[in-house]
Amino acid sequence: MISQRDNVDVGVKAEALGGGSRDSSTDVDEPSNYGVVVMEEKTGKVERFVEKSKLFVGNKINAGIYLLNPSVLDRIELRPTSTEKEVFPKIAADNKLFAMVLPGFWMDIGLPRDYITGLRLYLDSLRNRSSTKLATVPNIVGNVLVDETAKMGCLIGPDVAIGPGCVVEAGVRLSCCSVIRGAHIKRHACIASSIIGWHSTVGQRARVENMTILGEDVHVSDEIYTNGGVALPHKEIKSSIWKPEIVMLRL
């Protein structure tokens with residue numbers, strides 16, 4: 001999950017509201033895909049939860065950020081337990097559960113495609129709230145976040161995040177992607193709408209696009225094309241992937 005509001009700010013506001021446990025909620029256009037929080041608008045007191053209802057009961061959903069009184073632990077049995085389905089409804093029935101609506105953007109980023117969309121929303125938010133965190137070096141297009149330890153010499157953006165210790169060589173083109181800690185992108189490679197995992201390598205003149213996901217320590221050989229492939233950790237890709245597939249063995 002990613003949102004504009006940080007957890008510290010949520011905690012401060014919740015403390016200001018006083019006792020009980022706090023759940024966060026957010027507005028969505030299609031609430032039938034989520035569990036809806038039915039709450040009093042003025043007080044934020046949660047009345048009940050409705051799980052993926054086909055009938056409209058509201059558009060506020062559980063946003064996944066909680067500030068809980070330690071006494072909540074006493075309500076959790078020593079067995080596999082769903083907090084949202086088993087614990088929170090009981091707290092709500094005791095009139096001790098309140099919700100606070102998050103401002104700004106919110107997104108579930110459990111899927112790779114949603115992660116890339118969430119990255120774009122986060123970078124847009126940085127542009128509006130704290131633009132000094134975004135990269136301003138030459139050859140940057142749009143919103144780009146680059147760790148100070150990364151080394152690069154290419155055209156980057158828009159909507160790119162480059163992690164610590166990454167090396168991006170000359171002639172590379174990056175757009176709508178995340179390059180995670182320790183990755184190495186070699187000369188004239190092109191990466192779009194993809195995620196490059198920890199300590200992975202993309203070879204010279206390789207093209208990685210269409211939501212290709214490289215796990216940790218994956219090595220793409222020179223001049224390889226990957227079209228939406230998902231490579232599990234510690235694999236080597238020596239032949240092109242022309243249609244989306246999961247790479248479990250060395251290719």
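Is R79 buried, exposed or partly exposed? At 38% relative accessibility, R79 counts as partly exposed, on a scale where buried means under 20% relative accessible area, exposed means over 50%, and partly exposed lies in between (1.4 Å probe, protein chains only). Before going on, a word on what you are looking at: this is a predicted model, in which local features need pLDDT of at least 70 and side-chain atom pairs count only at pLDDT 80 or more, while totals for chains, interfaces and linings use all residues. Residues are numbered from 1 along each chain as its sequence is written, and side-chain values use heavy atoms, with hydrogens and water left out.

Let us stay with R79 and look at its charged partners. Side chains of opposite charge can pair when their charged atoms come close. Here the term salt bridge stands for a side-chain nitrogen of Lys or Arg within 4 Å of a carboxyl oxygen of Asp or Glu, and the structure holds seven of them. R79 makes one with E77, at 2.8 Å from N to O, and another with E86, where the closest N and O atoms are 2.6 Å apart. Both acidic partners are partly exposed: E77 has a relative accessible area of 45%, and E86 stands at 28%.

A further salt bridge links D124 and R120, at 3.8 Å from N to O. These two residues sit four apart in helix α3 (residues 112–129), so about one helical turn separates them. Helices (H or I, at least four residues) and strands (E, at least two) are DSSP runs, numbered from the N terminus. D124 is partly exposed at 29%, and R120 is partly exposed too, at 35%. Back at R79, shared partners join E77, R79 and E86 into one salt-bridge network.

Helix α3 also leads us to a sheet. Strands of a sheet pair through backbone hydrogen bonds, either parallel or antiparallel; in this text, two strands pair if DSSP finds at least two bridges between them. The sheet in question is open and has seven strands, in the order β8-β11-β14-β17-β20-β23-β25, with parallel pairing. Its edge strands, β8 (144–146) and β25 (246–247), each pair on one side only. Inside the sheet, β11 (residues 160–162) runs parallel to β14 (residues 177–179), and three bridges join them; A161 has S178 as its bridge partner in β14. Helix α3 packs on this sheet, touching β8, β11, β14, β17 and β20 (213–214), and its direction makes about 90° with that of β14. Contact means heavy atoms within 4.5 Å, and the angle, on a range from 0 to 180 degrees, is taken between N-to-C directions of lines fitted to C-alpha atoms, for helices over the stretch in contact.

There is also an open sheet of six strands with parallel pairing, ordered β9-β12-β15-β18-β21-β24. At its edges, β9 (151–152) and β24 (236–237) each pair on one side only. Two bridges connect β15 (residues 184–185) with β18 (residues 201–202) in the parallel sense, and I185 has V202 as its bridge partner in β18.

We finish at S194, in the loop between β16 (190–192) and β17 (195–196). S194 is buried, with a relative accessible area of 0%. Leaving aside residues up to four places away in sequence, S194 touches I116, C176, C177, S178, V208, E209, N210, M211 and T212. For T212, the backbone nitrogen lies 3.2 Å from a polar atom of the S194 side chain.

Key:
Polar contact = N/O pair within 3.5 Å; in protein donor to acceptor, adjacent residues only side chain to side chain.
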